[in-house]
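Hi,

Here is the structure I promised to pass on to you. Have a look at it first, and then read on for my notes.

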Amino acid sequence: MFYLNSITAIAALASTVVGSTVQGNCPTIDVDMKAFAKSLSRSAEVYYPGSSGFENVTTRWSVLDEPKVNVVVVPGTENDVAETVKYANKKSVPFLAYNGVHGALVSLGKMDHGIGISLSKLRSVKVNEGGKTATIGGGVMSKQITDDLWAAGKQTVTGTCECVSYLGPALGGGHGWLQGHHGLVADQFVSMNVVLANGTLTTIDADSELWWAMKGAGHNFGIVTSVTSKIYDIQHTDWAIETITFSGAKVEAVYQAANDYLVKNGTQPTGIINWSYWMNDGSDSNSPVIVFYIIQEGVKAVESTYTKAFHDIGPISVNPQSGTYKDLANWTSIAVDSPPCQNLGFANPRFPIYLEQYNVPAQKKAWDIYAPAVSGSSPFNNSIFMFEGYSAEGVHAIPADSTAFAFRSENLLAAPMINYAPAGDALKHKAADLGNQLRNILSAATDRDDFRAYINYAYGSETLQQIYGSENWRQKRLSGLKKKYDPRGKLSFYAPIE
């Protein structure tokens with residue numbers, strides 16, 4: 001680790017060519033660190049390959065087609081981000097900003113050298129006067145904002161996974177536990193500070209033409225260094241969950257019950273959430289099970305109105321728990337210390353698709369493909385097929401044309417995540433084939449000509465129409481804004497708009 005206020009260390013590095021390899025072959029870049037240091041704050045840091053600091057801020061959750069960088073700048077201020085972008089542009093060097101390193105699109109692999117910008121020091125959370133908004137740093141993680149706001153008697157919509165950044169998912173819309181009340185994470189934004197592709201640090205809000213694009217396609221238009229978001233008084237202290245585990249033989253009955261008693265054609269109650277995982281649970285069966293979660297706010301036990309039909313199916317086990325909103329991530333195995341939150345060197349491609357309801361025959365067909373593919377000694381036996389059924393009332397209530405996020409009519413988000421230890425191109429292609437086959441099964445059972453995919457779970461091979469919406473006006477508006485604000489395609493490694 002090298003601190004930019006250590007001029008002695010900087011001087012020793014200034015005359016060198018930074019060219020250490022992150023993985024594979026990473027072309028060298030010329031970097032005059034001594035000159036660059038003068039434009040940054042004293043709290044900024046720079047990390048190089050081989051240092052623990054570099055490893056800490058570049059080790060990714062999914063190692064499939066990772067971006068490669070020669071050096072990482074850790075800005076100490078928002079202006080440091082702008083200076084780094086200007087410097088990268090001056091040197092004609094690619095740059096990529098990140099915070100939680102959970103982005104897993106294969107398009108990220110197109111960055112084979114350059115400067116990484118880690119927002120990990122921009123982690124302030126400030127409740128503003130009046131208690132209606134909070135200003136949140138660009139590097140804040142979901143758990144931090146949940147904890148900090150909770151301590152102040154407040155909360156807002158964040159992503160569900162504690163170890164993921166707050167803003168990463170938000171720039172693609174951002175689903176969360178509280179979206180039934182308030183809409184997506186991006187729907188809470190009041191204003192944001194953004195570093196544009198040319199290095200300009202600017203503040204935008206609803207009066208700015210970029211506002212629409214930042215809420216759903218933001219990765220393509222700027223680096224958000226801070227955001228002011230709506231926050232709310234805590235409405236319910238009590239939350240409850242039932243974790244109900246089924247054998248695969250019950251797949252049709254489980255998802256028929258989910259349609260009938262929970263999803264209900266998009267009218268799932270605001271305080272109810274249904275989630276499920278298809279996964280191996282470590283038992284002796286050597287085949288996956290269905291782990292179905294029913295979550296309810298404002299109660300100490302999930303009401304039987306929502307659970308009885310599932311009990312009647314004949315589950316393997318039922319585990320009721322009660323607590324607070326802060327327990328949700330742990331209950332659903334996405335807390336900071338849960339296995340899915342660890343960076344263990346696995347590839348984790350996902351293949352998302354939005355659905356209006358569960359198609360029961362398609363669920364059965366997908367199970368019959370998925371179960372043998374991940375059973376026993378399969379290299380994919382740590383995979384998870386995720387089904388997320390949030391309440392959608394708050395999302396539906398916001399006009400679809402008001403944001404670049406296009407898929408407000410949907411009620412469910414499904415995504416197989418094919419986990420495996422990388423072992424060559426053959427296994428990589430086999431994993432992609434499995435993920436696409438499963439998604440295509442669900443897609444074929446809808447009444448649409450094409451599928452709709454959540455950008456934050458995307459594999460990276462999806463079309464612009466599949467992740468940004470198929471309407472011509474959407475594509476034209478996105479393309480026009482891209483040409484105006486990023487004509488040289490500097491911000492084009494994450495689901496690029498071309």
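**A hairpin and its sheet**

In the hairpin of β8 and β9, 5 residues lie between the strands, and one of them, Gly 130, takes a positive phi near 100°. Please keep in mind throughout that this is a predicted model.

The two strands of that hairpin run antiparallel and are joined by 3 bridges. If you would like a pair to look for, Val 127 has Ala 134 in β9 as its bridge partner. Ala 134 also has a bridge partner in β13, namely Ser 229. Between β9 and β13 there are 5 bridges, and these strands run antiparallel too.

From here you can follow the sheet onwards. Strand β11 (residues 189–195) is antiparallel to strand β13 (residues 223–230), with 6 bridges joining them. Met 192 is a handy marker here, as its bridge partner in β13 is Val 227.

So what is the order of the strands in the open sheet? The 5 strands are arranged as β8-β9-β13-β11-β12, with antiparallel pairing. At the edges are β8 (125–127) and β12 (201–205), each of which pairs on one side only. From one strand to the next, the twist averages 15°.

One helix to view together with this sheet is α5 (residues 142–151), which lies across β8 and β9 (133–137) and runs at about 30° to β8. Strand β9 itself is mostly covered, with 4 of its 5 residues buried.

**Helices that pack together**

Next, three helix pairs, beginning with α9 and α10.

Helix α9 (residues 251–263) packs with helix α10 (residues 304–313) at an angle of about 165°, and their axes are 10 Å apart. That angle makes α9 roughly antiparallel to α10. The crossing of these two helices is right-handed. On the α9 side, the contact is made by Ala 253, Val 254, Ala 257, Ala 258, Tyr 261 and Leu 262, and α10 brings Thr 305, Tyr 306, Ala 309, Phe 310 and Ile 313. Sorted by class, the contact of α9 with α10 has 10 nonpolar residues, 1 polar residue and no charged ones.

Helix α9 also meets α12. Their axes come within 9 Å and cross at roughly 145°, and α9 passes α12 in a right-handed crossing. Which residues meet in this contact? From α9 they are Val 251, Glu 252, Tyr 255, Gln 256 and Asn 259, and from α12 they are Val 360, Gln 363, Lys 364 and Trp 367. By class, the contact of α9 with α12 divides into 4 nonpolar, 3 polar and 2 charged residues.

That brings us to the last pair. Helix α12 (residues 360–374) packs with helix α14 (residues 425–444) at an angle of about 165°, with 8 Å between their axes. This makes α12 roughly antiparallel to α14, and their crossing is right-handed. To find the contact, look in α12 for Ala 362, Gln 363, Lys 365, Ala 366, Ile 369, Tyr 370 and Ala 373, which meet Leu 434, Gln 437, Leu 438, Ile 441 and Leu 442 in α14. By class, the contact of α12 with α14 has 9 nonpolar, 2 polar and 1 charged residues. Look out for Gln 363 of α12 as you go: it is listed in the contact with α14 and in the contact with α9.

Enjoy exploring, and write back any time.

Best wishes

Note on methods: Residues are numbered from 1 along each chain as its sequence is written. This is a predicted model: local features need pLDDT of at least 70, side-chain atom pairs count only at pLDDT 80 or more; totals for chains, interfaces and linings use all residues. Side-chain values use heavy atoms; hydrogens and water are left out. Two strands pair if DSSP finds at least two bridges between them. Axes are lines fitted to C-alpha atoms, for helices over the stretch in contact, and angles run from 0 to 180 degrees between N-to-C directions. Contact means heavy atoms within 4.5 Å. Buried means under 20% relative accessible area, exposed over 50%, partly exposed in between (1.4 Å probe, protein chains only). Angles under 35 degrees count as roughly parallel, over 145 as roughly antiparallel, 65 to 115 as roughly perpendicular and the rest as oblique. A crossing is left-handed if the near helix is turned anticlockwise from the far one by less than a right angle, and right-handed if clockwise. Ala, Val, Leu, Ile, Met, Phe, Trp, Tyr, Cys and Pro count as nonpolar, Asp, Glu, Lys and Arg as charged, and the others, Gly among them, as polar.
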